[in-house]
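Here are my comments on the model you sent round. They concern enclosed space and one stretch of surface.

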Amino acid sequence: MHFGLSDEQEMIVSTVRRFVETEIYPHEAEVERTGEVPDGLGDALKRKVIEMGFYACNFPEEVGGAGLSHLDFTLVERELGRGSMALTHFFGRPQNILMACEGAQRDRYLLPAVRGERMDALAMTEPDAGSDVRGMKCSAVRDGGDWVVNGTKHFISGADHADFFIVFVATGVDETPKGPKKRITCFLVDRGHPGFVVRDGYRSVSHRGYKNCILEFTDCRMPDAQVLGEVDGGFAVMNDWLYATRLTVAAFSVGRARRCFDMAVDYAAQRKQFGQEIAKFQGVSFQVADMITEIDAADLLTLSAAWRLDQGLPANREIASAKVHATEMLARVTDTSLQIFGGMGLMDDFPIERFWRDARVERIWDGTSEIQRHIISREIFRPLGA
Amino acid sequence: MKVLVPVKRVIDYNVKVRVKADGSGVDLANVKMSMNPFDEIAVEEAIRLKEAGTATEVVAVSIGVKQAQETLRTALAMGADRAILVVAADDVHQDIEPLAVAKILAAVAKEEEPGLILAGKQAIDNDMNATGQMLSALLGWSQATFASDVEIDGDSAKVTREVDGGLQTISVKMPAVVTVDLRLNEPRYASLPNIMKAKKKPLDEKTAADYGVDVTPRLEVVKTSEPAERAAGIKVGSVDELIAKLKEAGAV
């Protein structure tokens, strides 16, 4: 067993860390204040990342990516997690579900996404279908040889910058002994396609500037060529590829927790009350001890889940464990850090209040903590028939 | 033309430096180390010369502890072609003095026969600003220090220098030692393909003894102390108040 990083991994980590510190941190306060990414900044970041050869580094070399292993890519995500999501979004990591593209879809969606020419967004959630994905109402029906889609998606992250969307839609119902079960199909939809509009979403307490949007489909007509994967095969595509977003959330949480932790430690070592540094009070120092223990544990859990993917080992349970633990750890670390900062931690002069707000969504998106626990316990009990 | 670029492993510029309790120096235990930022600018310039077709090969060299290998790998990941590590110390706290470094570099230069040596004007750890000058004297080459612009034209180079009064442009004969200043360029990030290639690029390991150079310190550090802590500022309500405060402080 070997816990060290290779020279290449060390360099990947230090390069991405430096990029985030130099190119992202200086713009964070403005994004936070305005809720917008300043004009031109997104493209400028994208250009730099393309020049560095890091754009779409999660994609294999044969389609123009850098072919990083899951472990290497998780290290990249962990360092990116330190920065504002509104900005690190432009350190493009297209959805790896695009690897399911076939034929002409590769030239139209996959390859331009990898080259950084077209950005994608994933659309699954609906007002009445969150954790219960199969409860979706957005549906497509056959009309001639085409599909006609009607319905609404919401909470679609990154949709404001997306050129095309990967959308999950109900395409029928199967009657099963357990009751009706919807069939799901995944479509590729271009921005501006007739019958399809992207509307502003809600103002979220987490990740200002990283907008969520609403997608509306009104008699939106699409040919079979827009289907990603098989018709009615949406769930298979989802299961094959969407593990990656959960691992990303875990890695992001670890990176952000470390940044927050470093600030809390610096503050505790300097801030004096009752004639001494507050770090000298056990009430503070023991909290610091607990924080670093939890961060390290989440880090190792996340990296080992990525390592299992690289080894071809089952990792579903491990990824769920990493996601639930890292996001709940982040909640505790940001809350404790804020407590160490005291009243000042609540002021927007420091990014602590932002880390604290941003942390809240991590336990909700890409599968709530409850769904992760469901996955974990199901993997344990299913073999026992319970 | 071959370009030789000396690079030094120093305490990272983002690290809050702490003086050792006994005042003998700066605490380097478990501290993040990086390439001296001025040397990074030198590496960048050398790579640009290669991209422009002026240089044919970029060789990075580092003198110090074995861990300086990481610094050289960074230079390779930025785009240098190969690297030479000269191990001259075991203890990370031992700084090799400028004259010893210059002597080793002169010996490396005699072996490698570069047309140009591009070095940082100084290292951010002890700010000596001496190695480049000593090196040019030892080699009997021209020198141009504090470069903010370098143009190579056959067997001479036009170098713009950042001097106290402004900018000075000089022409020097090649081969030359040029030390670079902050505004020469903005160093690139290591690219992912180059990071992956860096391990495969040659890195020769030598020792100071290989070049017959004695690195025993000649300087004695008497005391290292923290700079005086800056007092907190104050906020003023108006321009008039600002002027009054400045007058009070004797600043205007």
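The points below take the cavities in turn and then a surface patch.

1. The model is predicted, and the comments should be read with that in mind. With a lower limit of 30 Å³, the count is 2 cavities.

2. The largest cavity holds about 50 Å³ of space. Its lining comes from chain B: E97(B), L99(B), A100(B), K103(B), D214(B), T216(B) and R218(B). Sorted by class, that lining has 4 charged residues, 2 nonpolar and 1 polar.

3. The second largest cavity has a volume of about 40 Å³. Here the lining residues belong to chain A, and they are E32(A), S84(A), M85(A), A86(A), H207(A), R208(A), Y210(A), R354(A) and D358(A). Two helices of chain A, α4 (85–88) and α10 (352–362), each give at least two residues to this lining. By class, the second largest cavity is lined by 4 charged, 3 nonpolar and 2 polar residues.

4. On the surface of chain B there is a nonpolar patch of about 600 Å². The residues that make the patch are I234(B), V236(B), V239(B), L242(B), I243(B), L246(B) and V252(B).

5. One member of the patch, I243(B), sits in helix α6 of chain B, which covers residues 239–248. Is I243(B) partly exposed or exposed? I243(B) has a relative accessibility of 37%. Exposed would require over 50%, and buried under 20%, so at 37% I243(B) counts as partly exposed.

Technical notes:
Residues numbered from 1 in each chain as written. Chains lettered and ligands numbered in written order. Predicted model: local features only at pLDDT ≥ 70, side-chain atom pairs only at ≥ 80, totals over all residues. Heavy atoms only, no water. 1 Å grid on protein atoms, 1.4 Å probe; cavity = no way out; pocket = protein on both sides within 12 Å on 5 of 7 lines; lining within 4 Å. Points joined across faces, edges and corners; volume = space filled by probe spheres on them. Nonpolar A, V, L, I, M, F, W, Y, C, P; charged D, E, K, R; others polar. Helix = DSSP H or I, 4+ residues; strand = E, 2+ residues; numbered from the N terminus. Patch = residues over 30% accessible without salt bridge, like charges linked within 9 Å, V, L, I, M, F, W, Y side chains within 5 Å. Areas by Shrake-Rupley, 256 points an atom, 1.4 Å probe, with all protein chains shown as cover. Salt bridge = Lys/Arg side-chain N within 4 Å of Asp/Glu carboxyl O. Buried < 20%, exposed > 50% of the residue type's maximum accessible area, 1.4 Å probe, protein only.
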